[in-house]
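New to this one? Here's a quick tour to read with the structure open beside you.

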Amino acid sequence: MMMMTTGELWTSLGSTAGTIMLVWAMFRSYVPYDIREYLIKYGHQFMSFLSPYIEITFQEYTDDLLLRSPQQPDASPNDRNLVFSMDDYEEVTDEFQGVKLRWSSNKNIPMSTSIIDYPGSNEKRYYKLKFHKRHRELVTSSYLNHVREEGKAIGVRNRQRKLYTNNKSDNWYRYRGSVWSHVVFEHPATFQKLAMDPVKKKEIVDDLITFSKSKEYYKKIGKAWKRGYLLYGPPGTGKSSMIAAMANFLDYDIYDLELTTVKDNTELRKLLIEISSKSVVVIEDIDCSLDLTGQRRDRKKSKEEKEKKEGEAEQSDSIWASQLLNFIDGLWSAGGGERLIVFTTNHVDQLDPALTRRGRMDKHIEMSYCNYEGFKVLAKNYLDLESHPLFNTIHGLMDETQITPADVAENLMPKSLEDNCK
Ligand SMILES: Nc1ncnc2c1ncn2[C@@H]1O[C@H](COP(=O)(O)OP(=O)(O)OP(=O)(O)O)[C@@H](O)[C@H]1O
Ligand SMILES: [Mg+2]
């Protein structure tokens with residue numbers, strides 16, 4: 001057998017490359033353009049006929065297809081801003097049901113036609129998927145769907161959640177017809193940090209999990225995929241914190257619907273229609289919101305005044321309440337998206353029966369004064385304390401007094417910077 005030295009190998013490679021270049025240059029200068037194109041086109045077809053591989057090209061268009069190399073970690077919910085993507089001309093290998101598939105990223109850079117050109121503005125990126133012909137069935141029937149679903153799931157995990165508030169209809173034209181304004185929703189509340197009866201807490205968490213997994217069930221029974229909660233209890237017992245915890249838990253947006261700025265049913269319908277899937281719709285202080293005068297009802301009204309107005313108010317309340325819920329039932333049944341609707345009130349006894357009736361609101365949750373269990377959660381949150389000689393005394397005091405978690409929290413907060421450092 002003849003062995004080549006490294007020097008000889010390089011010389012031979014160099015001369016082969018030289019020959020190829022020469023043939024290519026002759027081909028370009030002596031073969032006319034159209035024949036050249038023809039030969040290249042059919043050359044490609046011939047080669048792909050012989051090749052055992054199939055290549056599919058995907059233009060970069062939406063984030064429907066999100067590629068992630070196996071070596072790169074998923075961005076966790078805490079690193080929402082970290083997005084991993086493929087570099088230009090990078091190749092990654094994916095594995096699906098034991099089959100290896102190669103993805104590569106490429107880009108077309110068209111000839112510039114405009115005078116001012118921003119770098120990258122005209123580039124069109126695309127991805128190529130290469131796999132063996134024998135896996136064609138697997139790729140077309142299941143793999144591409146799998147990529148799409150994964151992409152969507154990653155998109156949902158990485159999206160920034162939003163807190164929406166309804167714009168006053170007088171200003172809708174200013175917001176170019178947008179009925180909702182939004183800011184990024186970043187609230188630290190979690191169920192773990194919520195001070196409340198642990199059994200009740202677990203019940204709510206389980207309820208949310210069941211709801212979020214029940215798409216097929218709601219479809220089967222022909223009902224809108226939604227769930228209604230009524231949170232009630234004195235101020236400072238954690239109703240709003242609970243809503244934030246729910247949204248964080250399910251990764252939903254929040255739509256804070258201020259009913260007092262909604263003038264009529266048409267406006268209400270417009271607002272409700274715009275609410276997207278995976279959201280919590282919140283109507284705070286429902287007893288005040290449902291006053292048709294558009295003003296929050298004054299809780300300190302004199303008794304006679306209250307009685308005098310009771311008749312009218314009750315009538316308008318029930319109109320609003322049932323209309324709101326009928327709208328929601330009707331509008332959302334078509335959409336198929338998952339939505340929670342949460343009402344809060346400090347005065348559950350004053351609510352219209354149309355609202356509190358079972359079936360309207362799926363779950364009534366009472367948020368109440370802080371007990372010892374709640375205190376322990378707050379002590380852990382605020383002071384990082386799990387036990388202390390004073391806990392026994394506090395236990396006794398908590399049983400005797402009615403104090404809201406907000407008040408307890410307030411007292412556990414350091415009063416000054418020095419306090420904090422002790
Ligand atoms: N159950 C709780 N667990 C933990 N923190 C709580 C709880 N309740 C209240 N807090 C603390 O008190 C603050 C006020 O609570 P929150 O706004 O959730 O009360 P609320 O019931 O919505 O009151 P309101 O009826 O006045 O709207 C919160 O920011 C939170 O720090
Ligand atoms: Mg509140």
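What follows is a short briefing, grouped by topic.

This is a predicted model, in which local features need pLDDT of at least 70 and side-chain atom pairs count only at pLDDT 80 or more, while totals for chains, interfaces and linings use all residues. Residues are numbered from 1 along each chain as its sequence is written, and chains are lettered from A and ligands numbered from 1 in the order in which they are written.

**The chain as a whole**
- You'll find 14 helices and 11 strands in the chain; these are DSSP runs numbered from the N terminus (helices are H or I, at least four residues; strands are E, at least two).
- Of the 422 residues, 19% are buried, a label for residues with 20 or more other C-beta atoms, placed from the backbone, within 10 Å of their own (12 or fewer is exposed, in between is partly exposed).
- Take the contacts between residues at least 6 apart in sequence: 74% of them join residues at least 24 apart, where contact means C-beta atoms, placed from the backbone, within 7 Å.

**Around ligand 1**
- Ligand 1 is surrounded by 15 residues, and the closest are Pro-235, Gly-238, Ser-240, Pro-405 and Ala-406; to count, a residue's C-beta atom, placed from the backbone, must lie within 6 Å of the ligand.
- Helix 6 (239-250) and helix 13 (405-412) are the elements that give two or more residues to this shell.
- Ligand 1 lies between domain 2 (162-366) and domain 3 (372-421), because both give residues to its shell; the domain bounds come from an automatic or database assignment.

**Helix 11**
- Helix 11 (residues 372-383) has 12 residues and spans 15 Å from first C-alpha to last, close to the expected 16 Å, which is 1.5 Å times one less than its number of residues.
- Gly-374, Phe-375, Leu-378 and Ala-379 are buried in helix 11.
- These four sit on the same side of helix 11, because they cover an arc of only 140° around the axis, taken from the directions from the axis to the C-beta atoms.
- Helix 12 (391-400) and helix 13 are among what covers those buried residues.
- Right after helix 11 comes Asp-384, with a positive phi near 60°.

**Two residues to look up**
- Ile-341 is in strand 10 (residues 339-345), and it's buried, with 25 other C-beta atoms within 10 Å.
- Beyond its neighbours within four places in sequence, Ile-341 touches base with Lys-226, Gly-228, Val-281 and Ile-328 through contacts.
- His-135 is in the loop between strand 4 (124-132) and helix 3 (136-158), and its 17 C-beta neighbours inside 10 Å make it partly exposed.

Methods: Two residues are in contact if their C-beta atoms, placed from the backbone, lie within 7 Å.
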